[in-house]
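Visitor: I'd like to hear the reasoning behind the labels people put on a model like this one. Could you take me through it?

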Amino acid sequence: MDHYTLLNPLIGGILIGLASLLATVLSGKIPGISGVFGRLLVLATPDPPSVAAATYGVAGKTWRAVFLLGLIGGAALSFALWQSAAIFRPMRPLVVMAIAGLLVGFGTRLGGGCTSGHGVCGVGIGAKDSMAATLIFMATAMVTVFIYNRAIL
Amino acid sequence: MKAGKLFLLLVAGGLFGCGLAISGMTDPARVIGFLDLLGAWDPALLFVMAGAVAVYGLGMLVLRRFASRNLKLPTASSSPIDRRLVIGAAIFGLGWGLGGFCPGPALANLGGLRAEALLFVPAMAIGMLLAQRFFGADS
């Protein structure tokens, strides 16, 4: 897999689907990346203790941290193993990346999901709210890119 | 959670990160290439979504049909398409188009120690904390 072909996204997509399925079975939750990461950041919660312990206690934090560490490790290994996986072409100045990060963090936690939780899992099980969210973030992202690439670049 | 289960979650995370990297979704040029419909359009993200949605959707159908009743699986929630969801998804889309990173690829690029990710991920954490502080962690 030194050269990137359209088999790359197909194989990668299948792996992402399998990984999400495995994490769903193990955790009993929709393992969307923004939800997993966001809940890991919650140190205090107004939820009742019974709910709070399962999600935000040590047990809830441990599996979420392990899953995300696996994600980072799996990516690092792939970057090292395959040239096609290591391709990285920066598109935006770092200051734009910081603003984008703020918006992505805020928006995904407000909207209850990102490309994985809504886009892959929610759409996969036919959840109407996830389909709506996916259409909205795809459309706004496309409009943003259209404007940025033509008006700013 | 037992150690065996945690190990399998590490494997699941590993497969996820591997899938993101192999598919090219950790390359912002490829993601922005997909989002730029009127530019030199790159279909890769569509292939990723198609593969992932098909595997996850079919897998969940099969599990619901054949797995034991003790296995608790999340269902397609009847959560409403409300203002919170619409505005949140729109803000996410704005940030995604600006940076070319959604949360998974941003975290995955930490594995390559890329400056973009080292800056984007802490900013994303701040954005999440703000949303959760003012609007609650669960919609």
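**Helices, cover and a cavity**

Guide: Sure. Chain A has seven helices and zero strands, and bear in mind that this is a predicted model.

Visitor: What makes the order of elements in chain A so easy to write down?

Guide: Read from the N terminus, it goes α-α-α-α-α-α-α.

Visitor: Why is helix 2 of chain A called mostly covered?

Guide: Buried means under 20% relative accessible area, and seven of the eight residues in helix 2 (residues 33-40) are buried. Among them are Ile33(A), Val36(A), Phe37(A) and even Arg39(A). So by that cut-off, "mostly covered" fits helix 2 of chain A.

Visitor: And how much of chain A as a whole is buried?

Guide: Buried residues account for 55% of its 153 residues.

Visitor: What makes the enclosed space a cavity rather than a pocket?

Guide: A 1.4 Å probe fits inside a cavity but cannot get out, whereas a pocket is open. The structure has one cavity of 30 Å³ or more, and the largest holds about 190 Å³. Of its 18 lining residues, those closest to the centre are Ile16(A), Thr115(A), Leu20(B), Cys102(B) and Pro105(B).

Visitor: Which element gives the largest share of that lining?

Guide: Helix 3 of chain B, with four residues.

Visitor: How do you know whether the lining is mainly nonpolar or charged?

Guide: Cys and Pro count as nonpolar, as do Leu and Ile. The tally comes to 15 nonpolar, three polar and no charged residues, so I'd call the lining mainly nonpolar.

Key. Residues numbered from 1 in each chain as written. Chains lettered and ligands numbered in written order. Predicted model: local features only at pLDDT ≥ 70, side-chain atom pairs only at ≥ 80, totals over all residues. Heavy atoms only, no water. Buried < 20%, exposed > 50% of the residue type's maximum accessible area, 1.4 Å probe, protein only. Helix = DSSP H or I, 4+ residues; strand = E, 2+ residues; numbered from the N terminus. 1 Å grid on protein atoms, 1.4 Å probe; cavity = no way out; pocket = protein on both sides within 12 Å on 5 of 7 lines; lining within 4 Å. Points joined across faces, edges and corners; volume = space filled by probe spheres on them.
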